[in-house]
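Here's a quick briefing to read with the structure open beside you. Start with the strands, then work outwards to helices, domains and chains.

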Amino acid sequence: MKEPVIEMRNITKRFGDVIANENVNLSLYPGEIHALLGENGAGKSTLMNVLTGIYKPNSGDIFFHGKKVSIKSPKQAVDMGIGMVHQHFRLIPPLSVAENVFLYMPDCKKVLRQKEMEDAINACSREFHLEVDASAKVWQLSVGEQQRVEIIKLLYRGADILILDEPSAVLTAQEAAEMFRVLRSMADSGKSIIIISHKMNEVMQNADRITVLKGGKVEDTMEAADATIERLTRAVVGEREFVPQVRQNHDLSEDVVLQAENLSVKNDKGLEAVKNVSFTIRAGEIFGIAGVAGNGQKELTEAIAGLRKAEKGTVTVRGEDLTSLSIRKHIDKGVSFIPEDRLSMGLVPSLDMSDNIILKHFGWEKFSRRGILKKKMMDQTAEEYIEKYDIKTAGIHSPVGLMSGGNQQKLLIAREINGNPSLLVASYPVRGLDIGATEAIHRILLEESAKGTAILLVSEELDEIFQMADRIGVMCDGNMMAILDRRDADYDTIGRLMSGEQL
Amino acid sequence: MKKLRLERKTSGSGFSVFLNSVLFTGVALVVCGFIIAAVGFNPIEVYAKMFRKAFLSARGIRKAIESGLPLMLCGLGVSIAFRMNLNNIGAEGQYAVGAIFGVAYVLYGPNLPGVPGILALACCCFLGGALWALLCAAPRAFWDVDESITTLMLNYVALILLSYLCLGPWKAKGQNMGQTEKIPDAFVIPEIPGLEVSMAFPAVIVIALLLFFFYRYTTSGFQINVIGKSPTAARYAGINIRRNILLVLGLSGGLAGLAGFVQYVAVTGRVQENMPNNAGYTGIVIAYLSRFNPIVVIIVSILFAGLQNSSATVQVMGVPAQIATMMQGAIMVIVIAGDFFQRYKFVAAGKGGKA
């Protein structure tokens, strides 16, 4: 066996009393794709931050090509050829691809020629089959292309060890497949790659070896060939009984709640993002929208919630045309909305739980009288939610920005279903959440639909769609490609519709 | 050797903010002390004299409260706008227009006796300031025109209008100075019996308490808070942002207009051509130092007014009167820079925590 490029031995990292990593061992060989699997908070990111010099471990050693090293700063890590693509890209949208890459170069010439830069980038992107237009501005690129720019940034600086944090989270199935193909060819050329992920299928298909972290410790390390879903699940969640929430088949009521007719909506750039879309959702129905993110789902949900103007068509809720009414009116008419961006839209991170609970509902009789807030009632409701939805928080008066993503989402969903909405629009409600939180959110959604609420569920995970939805609408490039009953649908058909094929 | 590095703090209590401010005010005084020493005076002697004059005599305190009144109202006005992230730099102009409306009422308004007359006059001044601010609020609300530029520029218009009126049509007869006639006695706010402090002071305290209550316990205050902290979330929550911009800038300007009222009715008894005398700008400094807390605004205003008054006393020692302005500037810059330590703390490098 070859000598490992990186060997981390007995790494322990504590934050105060919290142990983030405990005696973690990890070795990375040249030419391999190594997956780090685990729930949120399992210590994957901490471990990678130790490797990239952001954190210094409390104990343990790192060996680089067999030599013991101490990585003191991110800069040193970069000099050693270790580079990381973060989940949230670090690019500057108004600058071009070439400018973004050169910005990252520590000691380049003071005067740069546009042409020279672009040629260099193009050469690099050809070498590694990372297609991207070097002169394009970053804001014009798709998420997949932006990710390629991040990878080029690292390669151009000569990185041999690439760490990618949840690289497929933002990609379409096709884009993800393409990305893994590129990663494989880079590994074949001798580079070592670590991917952080919590998707078991993806890891089994694309990695050479898998290390599972749980509670800061290595639970299991295996060859991908030896991995099975059962083995991985056991390692990731432990002996905890894990029953995915699954929608039972049932007949739909005749009672139409939402009717969208010939809806066309523009995106922020003024282009038509939703094209002549029509569908209905009935009481107690979960209508799933499958599709790669960025195919008009955001614009569609915002138009239904009243946050975005419809160019054409109508949105009717319980027989009432809401198309041109204000956001306030939508809320009052029983349209609830879980936006995809919970921390910048759905919640105010610097405010506490009590305040976030009344964000939309401060005018309710329950929470205020003649314009005076009922503080006691707000706090009491917060305590109720903590109890009822098992929300973990440092206290109802600590800022919600400090809560974990799962707890923030529980709080948000609790607020949105409070007051019995007619329609609940849920955009990527479990994105970025671990298995436990996902399960809880799904259970809440199922309970809510049992009460007769119509639910519009947008997701990019087909598993989730198949698990939850009664009917499935597939969106591609702003079009509603088809609407299928779940019982008649299969992964392959939906996948082809998502990529724009007609039935 | 242990190196230090910075780490973000997760939270800070109101008390630690207070301590921090006091500490860095001290630092500012030390810095100013060096400058005073550099021009050849004993800083300790100068400070002692200023302090004694401003805060250790009943007369000093009375004077500080009196000249603090317009500062308080400007500070309160500026705070409400800043809480919603609206940069109202125009308290100076709104103050001037408030005063102009006041004189107009006295000259041309109905003659109401006693308290109703005073209240009507106050409303008129409030209205003047509010309208002047709304001139900027409307473009901001409907076309997203930056209010910090428009409010600032309208200051010059208001000040020139004020000096035109004071030197022209409204100039008091037989006077060399640009000022209006003395206000009729009927409008003068009486003093609190025995204290020789105008009743305007408790009135301003009531306004501050109302604002405190407004921010904390009302749905309107809540909406302002949400818009200030996250406009995206506010829009999502169905909060009418346009209406709140108009409301908040209107209130903000109105309070600054009331500064014109108190100065006119409770302090000078006339409107003078240079009347706002930077109170609108000092109000911005006060609002920042008070972290937009209305109760703190009152206290800081009195301290600033005392500082300003006492600079005259050290002038006899030969210290330039600009010392007060210098100190105000230094306190503002240093205390706000000191906020850094409110948000970050030093930890030994290598110890736990995020970089």
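In chain A, strand β7 (residues 161-165) runs parallel to β8(A), and the two pair over five bridges. Within that pairing, I163(A) sits opposite I194(A) of β8(A). Keep in mind that this is a predicted model.

**The strands of chain A**

- β8(A) has six of its six residues buried, so the strand is largely enclosed by the rest of the structure.
- Its side chains split two ways: S192(A), I194(A) and I196(A) point to one side of β8(A), I193(A), I195(A) and S197(A) point to the other, and all of them are buried.
- β8(A), which covers residues 192-197, also pairs with β3(A), again in the parallel sense and over five bridges.
- In that pairing, H34(A) is the residue that stands opposite I194(A).
- So what about β3 itself, residues 33-37 of chain A: how many of its residues are buried? Five of the five are, so β3(A) too is largely enclosed by the rest of the structure.
- I33(A), A35(A) and L37(A) face one way from β3(A), while H34(A) and L36(A) face the other, and all are buried.
- β3(A) has another parallel partner in strand β9 (residues 209-214) of chain A, joined to it by four bridges.
- Here H34(A) lies opposite R209(A) of β9(A).

**Helix α6 of chain B**

- α6 of chain B takes in residues 147-167, which makes 21 residues.
- From first C-alpha to last, α6(B) reaches 30 Å, close to the 30 Å expected at 1.5 Å a residue.
- Which residues of α6(B) are buried? They are E147(B), T151(B), L154(B), N155(B), A158(B), L159(B), L162(B), L165(B) and C166(B).
- Look down the axis of α6(B) and these buried residues fall within an arc of 155 degrees, so they line one face of the helix.
- Over on the other side of α6(B), I149(B) and Y156(B) are exposed.
- The cover over the buried residues of α6(B) includes three helices of chain B: α4 (91-108), α5 (114-143) and α10 (241-268).

**Two odd backbone angles in chain B**

- Most residues other than glycine have a negative phi.
- R291(B) isn't a glycine, yet it has a positive phi of about 50 degrees.
- You'll find R291(B) in the loop between α11 (279-289) and α12 (294-315) of chain B.
- F292(B) is in the loop between α11 and α12 of chain B as well, and it has a positive phi of about 60 degrees although it is not a glycine either.
- Is R291(B) buried or partly exposed? It has 16 C-beta neighbours inside 10 Å, so it counts as partly exposed.
- F292(B) has 21 such neighbours inside 10 Å, so it counts as buried; the cut-off for buried is 20 or more.

**Domains of chain A**

- Chain A is assigned domain 1 (6-237) and domain 2 (256-498).
- Taken over C-alpha atoms, the centres of these two domains of chain A are 32 Å apart.
- Each side of the contact is made by nine residues: nine from domain 1 of chain A and nine from domain 2 of chain A.
- On the domain 1 side, the residues divide into four nonpolar, four polar and one charged.

**Domains of chain B**

- In chain B, the assignment gives domain 1 (14-39 + 320-346) and domain 2 (40-54 + 65-319).
- Their centres, taken over C-alpha atoms, lie 24 Å apart.
- Where the two meet, 16 residues of domain 1 of chain B are in contact with 18 residues of domain 2 of chain B.
- α1 (14-38) and α13 (323-338) of chain B each supply at least two residues to the domain 1 side of this contact, with α13(B) giving the most, seven residues.
- That domain 1 side holds 13 nonpolar and three polar residues, and no charged ones.

**Where chain B touches chain A**

- Between the chains, 19 residues of chain B are in contact with 28 residues of chain A.
- On the chain B side, α8 (219-229) and α9 (231-236) are the elements that give two or more residues.
- α8(B) provides the largest share of that side, five residues.
- The chain B side breaks down into seven nonpolar, ten polar and two charged residues.

Methods:
Residues are numbered from 1 along each chain as its sequence is written. Chains are lettered from A and ligands numbered from 1 in the order in which they are written. This is a predicted model: local features need pLDDT of at least 70, side-chain atom pairs count only at pLDDT 80 or more; totals for chains, interfaces and linings use all residues. Domain bounds come from an automatic or database domain assignment. Two residues are in contact if their C-beta atoms, placed from the backbone, lie within 7 Å. Ala, Val, Leu, Ile, Met, Phe, Trp, Tyr, Cys and Pro count as nonpolar, Asp, Glu, Lys and Arg as charged, and the others, Gly among them, as polar. A residue is buried if 20 or more other C-beta atoms lie within 10 Å of its own, exposed if 12 or fewer, and partly exposed in between; C-beta atoms are placed from the backbone. Two strands pair if DSSP finds at least two bridges between them. The expected span of a helix is 1.5 Å times one less than its number of residues. The arc is that of the directions from the helix axis to the C-beta atoms.
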